[in-house]
Amino acid sequence: MPFNKKLILAVPYTHALSHISRPLSVAKELRERGHEVVFAGESPKTEFIKAEGFQVLPIHEPDPRVLFGNIRDNRLRFADDEEIERMVEADIALYRDVKPDIVLTDGRFSAFISAQMAGIKHAAIVNVSSTEYRALPYVPFFEWAPRRLAPADGRFRKALDRINLAVEMSVFDNVMGVFKRLSKRCGLKNAVTATN
């Protein structure tokens with residue numbers, strides 16, 4: 001079977017080393033297997049990527065003081081609609097220039113929608129705690145339930161946690177409704193929400 005070399009565009013949130021290190025490890029393995037990997041980002045931490053011999057193209061990223069400040073303050077609305085739309089526009093402009101076969105992201109929360117809009121395959125590295133598969137809710141609504149009725153490892157507690165998680169996700173998706181609005185406006189087949 002002939003080798004099918006791919007061009008992969010890696011777009012981590014470069015203001016956080018954890019978001020750089022994971023795709024950088026994947027990119028090194030992909031390069032070893034003969035694929036071409038190009039990165040995008042704007043923070044001074046892109047020097048870590050360049051030191052590994054990868055090209056880094058510029059792309060707009062949210063200001064880390066604002067983004068991390070919102071996250072630390074437990075704001076469900078971690079970025080405003082204009083920021084999300086600006087990121088999506090930057091993504092699409094970059095896709096047009098690079099013409100990647102696949103977009104690989106870590107912390108680039110606009111990529112799921114922008115890749116669909118551009119018709120490009122997308123893979124994301126995501127903390128499980130940021131997905132619907134996390135075991136524990138962020139805001140425990142049912143802490144009032146007595147432990148003798150709902151022990152931590154019991155079926156009833158697990159059911160409460162699943163309900164809790166569903167409520168959290170619904171609230172979060174509605175607070176960050178820009179993803180649904182963009183999905184509808186662009187006529188995407190698979191609607192994007194803040195939690196996917």
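Start at strand β5 (121–124): select A124, the bridge partner of T105. This is a predicted model, where local features need pLDDT of at least 70, side-chain atom pairs count only at pLDDT 80 or more, and totals for chains, interfaces and linings use all residues. Residues are numbered from 1 along each chain as its sequence is written, and side-chain values use heavy atoms, with hydrogens and water left out.

**The sheet**

Add β4 (102–106). Four bridges join β4 to β5, and the two run parallel. Strands pair if DSSP finds at least two bridges between them. Strands here are DSSP runs of E, at least two residues; helices are runs of H or I, at least four residues; both are numbered from the N terminus.

Now show the whole sheet. It is open, has five strands and follows the order β3-β2-β1-β4-β5, with parallel pairing. Look at the edges: β3 and β5 each have a single partner strand, so one side of each lacks a neighbour in the sheet.

Next, select helix α4 (residues 81–98). Helix α4 packs on the sheet and touches β1, β2, β3 and β4 (contact means heavy atoms within 4.5 Å). Its direction makes about 155° with that of β1. Such angles run from 0 to 180 degrees between N-to-C directions, with axes fitted to C-alpha atoms, for helices over the stretch in contact.

**Strand β2 and its partners**

Select residues 36–40, strand β2. Four of its five residues are buried, so β2 is largely enclosed by the rest of the structure. Buried means under 20% relative accessible area (1.4 Å probe, protein chains only).

Go to β1 (residues 7–12), which pairs with β2 in the parallel sense over four bridges. Pick I8: V37 in β2 stands opposite. Then turn to β3 (residues 56–57), which runs parallel to β2 and is joined to it by two bridges. Here A40 stands opposite L57.

**Helix α1**

Select residues 17–32, helix α1; with β1 and β2 it makes a right-handed β-α-β unit. Right-handed means that, with the strands pointing away from the viewer, the path from the first strand over the helix to the second runs clockwise.

Colour H19, I20, P23, L24 and A27, which are buried in α1. Look down the axis: the buried residues fall within an arc of 115°, so they line one face of the helix. The arc is that of the directions from the helix axis to the C-beta atoms. These buried residues pack against β1, β2, α2 (47–50) and β4.

Finish just after α1, at G34, which takes a positive phi of about 100°.

Conventions:
Buried means under 20% relative accessible area, exposed over 50%, partly exposed in between (1.4 Å probe, protein chains only).
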